[in-house]
Amino acid sequence: MNARTGTSAVGLGLLIALPFVTPPYFMHLLIQILLWGFIYTAWSMMGRFGFVSLGHGAFMGVGAYVPALLWNYYGVTPWIGIPLGVALSVLLALVIGYPCFRLKVVGHYFALVTLALSQVVMLSIVAARDVTGGSLGFTQRAVGHSWYALQFPDKRYFYAISLVLWLGGLAVWRAIDRGVGREALDAISEDEEAAASIGINVMREKLRVTVISAALTALGGAIFAQYLMYLNPETVSGIAVSLQIVFAAIVGGMYAMLGPTVGAFLTISLNEGLRVAFAANFIGAANTIYGVLLILCIIFMPRGILGMLERVGIRGDRTKPAATK
C-alpha cells in the first residue's frame, strides 16, 4: 500500500465516521458540501476541456423539479421520477449541444447559448406557477421516513446517500481523466480542426462529455431537492445557480479531482459565515464577494486553489538539493 492509497483509506474512514460524532447543524452543512461538490465535479468534466457551460442550472432545475412534480401530483416514486428527470436533462443537453457542435458554436458563443438555456428553464418554471408554485416555491408532500418516497428525517441517511453519490462522481471524473478519450478531448480543446484531421470524431466526443455532465448535474439536483423538500427556481435553476457552479469549480480547481469539492467547501462556508455575520444587513453580500473572488482567482490562480498548491509543491520538489550519495 503506497502513501496515496493509505491517505485515501484514512480519509474515507473519517468520512464514514463523521455522522456518528457530528451535530445536526454541521451534518446539514456536510450534506450540502457533498451534494454541491458532486454537482461542481459534474460541471468540471466539461469546463476542464474548454467547454464552458453557463447553463448547468437548467439541468439541475429539470432534475430537481421533474421527480418532485411527479411525486406530488401522481404519487410516482422518486426511484422512477429521478431517472426520468435525468433522461429529460440529457435530451435537453442533446437538443442544445448537437446544433451548437454541428455548427461549430464554440468559446463565448457557446457559453452565451447555455446561459440563455438556463434562463429559459427558470422562466418556464416561474411561468408555470399553477403547477410549480412559480417564484413562491414548491414544497414536496412529506410522508415521514420512507424508502419509497426517498424521505428521511434522520440526516444520516442522506449523508450516506450524498457520500456514495460524491464518491461516484469522483470515480466518473477519474475515468474520464484516465480514459482513452482524454487525449481526444485535450486535442479538441486545443484545436478542433486539427483534431478532426487526425481522425477524432469531434461531435461524438463533445456530446459524450456534455451528456455525462448534464446527467450527473440533474442527478445531483434531484437528490438535493429530495433532501431539502422545498424547491425554488432561484436556488436550483437559473443564471445565479449556473454562475455559482462555475465560480466554485474554478476557484477550487477544475483540473484537480478534489478541486470542485474544495470549491463547495469554500462557497458553503462563505455563505454560512456571511449569513451569520451580516444577517439581513447586507443583502447580496455572498454574490458580491463571489464575484470579487472569482476575478481575483482568474487573475492570480487560474488553476484554482488545488492547482496552485500542486504547483507550489512541484516547485518545492525541484528546488530541493540532490541527496548526496
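1. Lys 104 sits in the loop between α4 (78-102) and α5, helices being DSSP runs of H or I with at least four residues, and strands E runs of at least two, numbered from the N terminus. Have a look at its backbone: Lys 104 is not a glycine, yet its phi is positive, about 60 degrees. Bear in mind that this is a predicted model, where local features need pLDDT of at least 70 and side-chain atom pairs count only at pLDDT 80 or more, while totals for chains, interfaces and linings use all residues. Numbering runs from 1 along each chain as its sequence is written, and side-chain values use heavy atoms, with hydrogens and water left out.

2. Met 229 is another residue other than glycine with a positive phi, here near 65 degrees. You'll find Met 229 in the loop between α10 and β2 (230-231). Met 229 is buried, with a relative accessible area of 17% (buried is under 20%, exposed over 50%, partly exposed in between, using a 1.4 Å probe and protein chains only).

3. Now the core. The largest nonpolar core (buried Ala, Val, Leu, Ile, Met, Phe, Trp, Tyr and Cys joined through side-chain atoms within 4.5 Å) has 81 residues, and Trp 36 and Leu 231 touch the most other members. Helix α2 (residues 24-47) supplies the largest share of this core, 14 residues. Leaving out neighbours within four places in sequence, Leu 231 has contacts (heavy atoms within 4.5 Å) that include Tyr 65, Phe 138 and Val 236.

4. Next, a helix pair. The axes of α5 (residues 107-127) and α12 (residues 238-252) come within 7 Å and cross at roughly 135 degrees; axes are lines fitted to C-alpha atoms over the stretch in contact, with angles from 0 to 180 degrees between N-to-C directions. That crossing makes α5 oblique to α12 (under 35 degrees is roughly parallel, over 145 roughly antiparallel, 65 to 115 roughly perpendicular, the rest oblique). From α5, Leu 115, Ser 118, Gln 119 and Met 122 meet Gly 238, Ile 239 and Ser 242 of α12.

5. Last, helix α8 (residues 182-190). Which of its residues are buried? Ala 184, Leu 185 and Ile 188 are. They lie on the same side of α8 because they cover an arc of only 95 degrees around the axis, taken from the directions from the helix axis to the C-beta atoms. The buried residues of α8 pack against α7 (155-178), α9 (192-197) and α10 (202-228). Glu 183 and Glu 190, on the other side of α8, are exposed.
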